[in-house]
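Trainee: Could you take me through one part of this structure closely? I would like to see how a single charged side chain leads into the rest of the fold.

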Amino acid sequence: LGGAPDTEEGRTIAALVDTLIPGAHRDPTGAPGGIDVGAAALFFDPLLPAAQFVPILTLVLDRTSARLFASRRFVHLLPVEREDVVAAALIDIEVFEFAVLLAKLAYFSSAEAGAHLGYPGANPGWVHDPDFTFARPMATEITTDGNLP
């Protein structure tokens, strides 16, 4: 479940994350997806404001799913049907885009996604460059007040 609890809400959020960023189990190249990197856990982090909106988010997904697919719940749909539900929810409820952005944030900020995309990770920048360092000023002032003469 990608870090989501094993509850109805957790399974729904995991299905949403898997719909937005399919993982190795559905990607022919084996690329890590949202579930693989634990993106669903971010929705349930009590330190983030998203946790309080999980019940509303699952309600939106289930109601939209029921409307489009004969009263079926979001977690019971095929991946292509889930994509239709997400597309409809984005049209019907403008703030639903927040959930999409949160899933993407969780995915793209993970080390696994970065490694798969070829991002080498954080580096010290220019700190150790002898010609460009934060240890000394890059320029000197011309006058005491910083203005040209």
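Mentor: Start at Arg-11. Its relative accessibility is 30%, so it counts as partly exposed. Keep in mind that this is a predicted model.

What does the side chain of Arg-11 meet in a salt bridge? It meets Asp-6, at 2.5 Å from N to O. Asp-6 has a relative accessibility of 61%, so it counts as exposed. The cut-off for exposed is over 50%. Side chains of opposite charge can pair when their charged atoms come close.

This pair does not stand alone. Asp-6 and Arg-11 belong to a network of salt bridges that also links Glu-8, Asp-62 and Arg-73. The whole structure holds 7 salt bridges.

Now look at two others. First, the side chains of Asp-92 and Arg-67 form a salt bridge, 2.5 Å from N to O. Asp-92 is in helix α3 and Arg-67 is in helix α2, so this pair ties together parts that lie 25 residues apart in sequence. Asp-92 is partly exposed, at 47% relative accessibility. Arg-67 is exposed, at 51%. Next, Arg-72 pairs with Glu-81, and their closest N and O atoms are 2.9 Å apart. Arg-72 is partly exposed, with a relative accessible area of 31%. Is Glu-81 buried or exposed? Its relative accessibility is 14%, so Glu-81 counts as buried. The cut-off for buried is under 20%.

Stay with the loop between α2 and α3 for a moment. Ala-70 lies there. Ala-70 is not a glycine, yet its phi is positive, about 50 degrees. Ser-71 sits in that loop too. Ser-71 is also not a glycine, and its phi is positive as well, about 65 degrees. Ala-70 is exposed at 67% relative accessibility, and Ser-71 is exposed at 63%.

Now for the helices. The chain has 5 helices and 0 strands. From the N terminus, the order of elements is α-α-α-α-α. Helix α1 covers residues 8–20, so it is a good one to follow. Two packed helices are described by the angle between their axes and the distance between the axes.

Which helices does α1 pack on? Take α3 (residues 79–92) as one of its partners. The axes of α1 and α3 come within 10 Å and cross at roughly 95 degrees. That makes α1 roughly perpendicular to α3. On the α1 side, the contact uses Ala-15, Leu-16, Asp-18, Thr-19 and Leu-20. On the α3 side, it uses Pro-79, Arg-82, Glu-83 and Val-86. The residues of this contact are mixed: 5 nonpolar, 1 polar and 3 charged.

Now turn to α4. The axes of α1 and α4 are 10 Å apart, and the packing angle is about 75 degrees. These two helices are therefore roughly perpendicular to each other. Leu-16, Val-17 and Leu-20 of α1 meet Ala-99, Val-100 and Ala-103 of α4. Here the residues divide into 6 nonpolar, no polar and no charged.

That brings us inside. In soluble globular proteins, nonpolar side chains tend to be buried together. In this model, the largest nonpolar core has 30 residues. Leu-16, Phe-43, Leu-57, Phe-74 and Phe-96 have the most contacts within this core. Four elements give it two or more residues: α1, α2 (54–68), α3 and α4 (97–108). Of these, α4 gives the most, with 6 residues.

Pick out Phe-43. Which residues does it touch, leaving aside those up to four places away in sequence? Its partners are Ile-13, Val-17, Ala-50, Ala-51, Val-54, Leu-57, Ala-99, Leu-102 and Ala-103. Notice that Val-17 came up earlier, in the contact of α1 with α4.

Finish with the whole chain. Of its 149 residues, 34% are buried. Consider contacts between residues at least 6 apart in sequence: 54% of them join residues at least 24 apart. Now go back to Arg-11 in the view. Trace its salt bridge to Asp-6, then the network with Glu-8, Asp-62 and Arg-73. After that, find Leu-16, which takes part in the α3 contact, the α4 contact and the nonpolar core.

Key:
Residues are numbered from 1 along each chain as its sequence is written. This is a predicted model: local features need pLDDT of at least 70, side-chain atom pairs count only at pLDDT 80 or more; totals for chains, interfaces and linings use all residues. Side-chain values use heavy atoms; hydrogens and water are left out. Axes are lines fitted to C-alpha atoms, for helices over the stretch in contact, and angles run from 0 to 180 degrees between N-to-C directions. Angles under 35 degrees count as roughly parallel, over 145 as roughly antiparallel, 65 to 115 as roughly perpendicular and the rest as oblique. Contact means heavy atoms within 4.5 Å. Ala, Val, Leu, Ile, Met, Phe, Trp, Tyr, Cys and Pro count as nonpolar, Asp, Glu, Lys and Arg as charged, and the others, Gly among them, as polar. A nonpolar core is a set of buried Ala, Val, Leu, Ile, Met, Phe, Trp, Tyr and Cys residues joined through side-chain atoms within 4.5 Å. Buried means under 20% relative accessible area, exposed over 50%, partly exposed in between (1.4 Å probe, protein chains only). A salt bridge is a side-chain nitrogen of Lys or Arg within 4 Å of a carboxyl oxygen of Asp or Glu.
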